[in-house]
Amino acid sequence: MKKLPIRRSTVEALVFLLLLVLVFSLLGSRMGSGNMLKTIMNTAHDLLLNTVFYLMGITVLTGALSKLMSEFGVVTLLERFLRPLMKPLYNLPGVAALGAVMTFLSDNPAIIALSKDKTFSAYFKKYQLISLTNFGTAFGMGFVVMITMIGYGQITGALVGFFGAFCGSIISTRIMQRSCLKAYPKLDSPVQHEVAEVIEEEHIEDVKKDGVFMRFLNAILDGGKNGVELGLQIIPGVLIITTAVIMITFGVGPDGVYNGSSSQGVPILPWLAEKIHWVFEWLFGFHHMELIAFPMTALGAVGAALGLLPTFNAAGILDGNAIAVFTAIGMCWSGFLSTHTAMLDSLGYRKMISKAIGAHAIAGLCAGIIAHFVYLLVSLI
C-alpha cells in the first residue's frame, strides 16, 4: 500500500516544535525553567513600563512637532531646500526630497502614499520610483531615533550617525537603481507617458477659516494622536523581539546567579560574535559583543532595537561610538526586513524585493562603518 505524502504544513509544524523545544531547553537548562519563565515575564514587563512608554512619549512629542512643521510650511521649505541635492546625489527628481522629509518625521510607509500619488509619481522613471523604497526606508523613524540617542547625552554621536545614515541612503538608492536597470532595462521609461508639467512655484493655499491658534492646537493634537498610534504599533516588536534578543545576549545578574530578574539570559549571541570579534571591533569599534544585538534587532524593528539602549546603558557599555553606529544603522535599516516586502508589493514590483533587500543590507553595514570611522576622526579633533 502506497504511503500518503506528508503534508507540508505538518512538516513545518514538526520543525517549528522541534526548534521551539530546543531553544527553551537550552535556556531552561542553564537558567532553570522557573527562572527562565520569570525572566521572560519580568523583562517584558520592564520593557513595557520603562522603554515603551518612554518611546511613546517621544513619538507623541515628535508627532506633534512634525505636524506643526507640516501645518506651517516648514516641510515644504525643507523640501525646496533639499531639492537641488536629489539629482546629483540620488539620481532622483527634486520632488523626492519630500519623501525623505516625510519618512524622517514619521516612518517608512509614508513613502508609499507619496509614490501612489499620480501627480508625484509622474516625475519619475520606473526604476527611480522603485528605488524610492530604499530611499525612504533609509530615513524611517529618523526623528525618533535621533531624539532618543540625544537623550543619552551623546549629541555628537547622534549627528555623526545621521551622517552615516545619509551616506547609507545614497549607497542603497544607487545600488537599487543599478540593479533594476541591469535586470530590467525596460524600466528606464517614464511612469506615465504624459509627464505632469513641473510647477516651479507652488500657489499659496486659500486662507484657512481657522485662525492661527486653532491651527496650532489642531496640529499638536492630531500629531500627538499619530504619535500615540506609532507608540502602540511598536509595542509588539519591543516586547517580543527585544525580550528574545535580551534572552540570548545577556548572562546572569550582578549576584552571579539566575533569580528570575529582568534582562538575564544565556549569552549565545555574544559567544557567536566573539568567534569573529575582530571584524566587529575593526568595522564598528565594538569592544563588547553584546552591542551586536542592536543591529540584529534593527533589521526587524528599529523601535525594538531602541528598547535595548537602557540595558546597554545600565551595563556601562553605551558610549559615543556605539551611539554613532547605532544611529546610522538604526536609521538606515529601520526595520526594512519587515517593510520592504509589503512596500514593493503595494507598488506592484514584487519581483524586485530580493534586490531591494540586498542593496539595503549592504548600505546599512556601510552606514555603520562610515559612522564609526567618522566618529574616530571627530574624536581626534
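A nonpolar patch of about 450 Å² lies on the surface of this predicted model, and the residues that make it are F16, L17, L20, V23 and F24. One of these residues, L17, belongs to helix α1, which spans residues 8-31, and L17 is partly exposed because its relative accessible area is 48%, a value between the 20% and 50% limits. The protein as a whole has an accessible surface of about 19,600 Å², and carbon and sulfur atoms account for 67% of that area.

**Overall architecture**

- The secondary structure of the protein consists of 19 helices and 0 strands.
- The protein has 381 residues, of which 46% count as buried.
- When contacts between residues at least 6 apart in sequence are considered, 77% of them join residues that are at least 24 apart.

**Aromatic pairs and the phenylalanine cluster**

- The structure holds 11 aromatic pairs, and in the pair formed by F286 and F326 the ring centres are 5.8 Å apart with the planes at 65°, so this pair is classed as edge-to-face, the class for planes over 60 degrees apart.
- The pair of F286 and F326 links distant parts of the chain, since its two members are 40 residues apart: F286 lies in the loop between α13 (277-284) and α14 (293-298), whereas F326 lies in helix α17 (residues 320-333).
- Both members of this pair fall under the 20% limit and therefore count as buried, with F286 at a relative accessible area of 0% and F326 at 1%.
- F286 and F326 also belong to a cluster joined by ring pairs, whose other members are F250, F284, F294 and F312.

**A charge over a ring**

- The charged end of K351 is placed over the ring of Y184, at 4.4 Å from the centre of that ring.

**A buried serine in helix α7**

- S131 is located in helix α7, which covers residues 126-137, and this serine counts as buried because its relative accessibility is 0%, which is under the 20% limit.
- If residues up to four places away in sequence are left out of the count, S131 touches L92, T173, M176 and Q177.

Terms used
Residues are numbered from 1 along each chain as its sequence is written. This is a predicted model: local features need pLDDT of at least 70, side-chain atom pairs count only at pLDDT 80 or more; totals for chains, interfaces and linings use all residues. Side-chain values use heavy atoms; hydrogens and water are left out. Rings of Phe, Tyr and Trp (its six-membered ring) pair if their centres lie within 6.5 Å; planes under 30 degrees apart count as stacked, over 60 as edge-to-face and the rest as tilted. Helices (H or I, at least four residues) and strands (E, at least two) are DSSP runs, numbered from the N terminus. Buried means under 20% relative accessible area, exposed over 50%, partly exposed in between (1.4 Å probe, protein chains only). A charge sits over a ring if NZ of Lys or CZ of Arg is within 6 Å of the ring centre and within 35 degrees of the ring normal. Patches are made of residues with over 30% relative accessible area and no salt bridge: like charges are joined within 9 Å, nonpolar side chains (Val, Leu, Ile, Met, Phe, Trp, Tyr) within 5 Å. Accessible areas come from the Shrake-Rupley method with a 1.4 Å probe; for residues, only the protein chains shown count as cover. A salt bridge is a side-chain nitrogen of Lys or Arg within 4 Å of a carboxyl oxygen of Asp or Glu. Contact means heavy atoms within 4.5 Å.
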